[in-house]
Amino acid sequence: MKRARRRAGGGGKRGQRSRGPRRPRAAAARSASALRFRSIELAIADGIAVITLNRPEARNAINLEVVNELHVALEALGRDGTTRVLILTGAGRTAFASGADIRELRERRAADALRGINSSLFLAVERFPLPTLAAVNGYALGGGCELALACDMRIATESARFGQPEVGLGIIPAAGAAYRLPRIIGAGRARELILTGRIIDADEALSIGLVNRVVPDDRLLEEARSVALLIARKGPLALRAAKLTLQASAYGPDAGHAAERLAQAILFESDDKREGLTAFLEGRPPRFTGR
């Protein structure tokens with residue numbers, strides 16, 4: 001098994017209309033990397049963005065400030081034409097995210113639940129146009145587990161722990177676990193974890209398919225970056241199309257089939273498709289442009 005570690009920093013301005021074909025991308029990159037936050041950190045390097053939940057004194061609990069800052073970061077990165085992959089992680093080794101901030105949660109009322117404060121954020125993570133990877137260190141409980149579930153892949157440390165303990169607090173997991181968890185690990189296992197509130201370790205999470213791999217605690221970000229770099233070298237248009245097709249397939253084979261055909265038709269007309277196939281025939285690495 002493997003593992004990795006590290007943090008993020010960065011952010012930026014809002015994108016402006018450009019005069020030439022290359023300036024929007026450079027401006028977007030500067031914009032994202034110039035952003036500054038209080039409760040998260042954003043760093044961008046080699047086409048990989050790393051967002052770190054940075055509330056270690058609260059075990060990286062997700063409060064309203066974290067939610068708002070993540071929305072801003074996701075919006076900026078979505079406009080950034082140079083970023084290829086997003087890694088989400090938590091500061092320190094104790095927790096990826098221990099859940100929603102209990103003090104804030106205790107004061108929320110029916111109107112707050114209907115607003116879907118956390119669920120709207122996690123939906124934005126799930127629909128983020130680039131591949132996303134949760135690098136889970138320590139506890140990923142409640143909303144923290146749901147945040148990880150919203151990502152495309154999950155890498156966990158050996159000390160990671162996962163669970164949906166909300167029923168023990170008199171509430172339910174209502175930010176995506178009820179439908180994402182069954183889709184990932186199956187209905188029976190999802191019902192058990194939600195109804196018992198049981199917390200599982202990394203090995204069990206791996207055995208039931210909740211995580212893609214388990215790595216040593218001191219190698220989490222190293223391993224996450226390794227996977228991210230592997231993804232980042234692929235065609236950027238193909239990655240975005242693959243994400244959209246996978247999302248459509250959740251609605252059934254008919255939707256998935258239609259999405260595949262449409263996405264492939266678009267890609268067949270792209271410069272990246274021509275470059276990728278030509279590079280293969282010439283025995284060289286492709287030089288993708290995202291066009």
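## Salt bridges in the predicted model

E192 is partly exposed, with a relative accessible area of 36%. The structure is a predicted model, and E192 serves here as the starting point for a report on its charged side-chain pairs. The side chain of E192 forms a salt bridge with that of R198, with an N to O distance of 2.9 Å. R198 is itself partly exposed, at a relative accessible area of 30%.

In general, side chains carrying opposite charge can pair when their charged atoms come close. In this model the count of salt bridges is 16. Three of the pairs are set out below.

| Pair | N to O distance |
|---|---|
| R198 and E192 | 2.9 Å |
| E223 and R219 | 2.6 Å |
| R106 and E107 | 3.4 Å |

The pair of E223 and R219 joins a buried residue to a partly exposed one. E223 has a relative accessibility of 6%, and it counts as buried because that value is under the 20% cut-off. Its partner R219 has a relative accessible area of 31% and is therefore partly exposed, since this falls between the 20% and 50% limits.

R106 and E107 also form a salt bridge, and the closest N and O atoms of this pair are 3.4 Å apart. Both R106 and E107 are exposed.

Salt bridges also link a group of residues into a network: E126, R180 and R183.

Conventions
Residues numbered from 1 in each chain as written. Predicted model: local features only at pLDDT ≥ 70, side-chain atom pairs only at ≥ 80, totals over all residues. Heavy atoms only, no water. Salt bridge = Lys/Arg side-chain N within 4 Å of Asp/Glu carboxyl O. Buried < 20%, exposed > 50% of the residue type's maximum accessible area, 1.4 Å probe, protein only.
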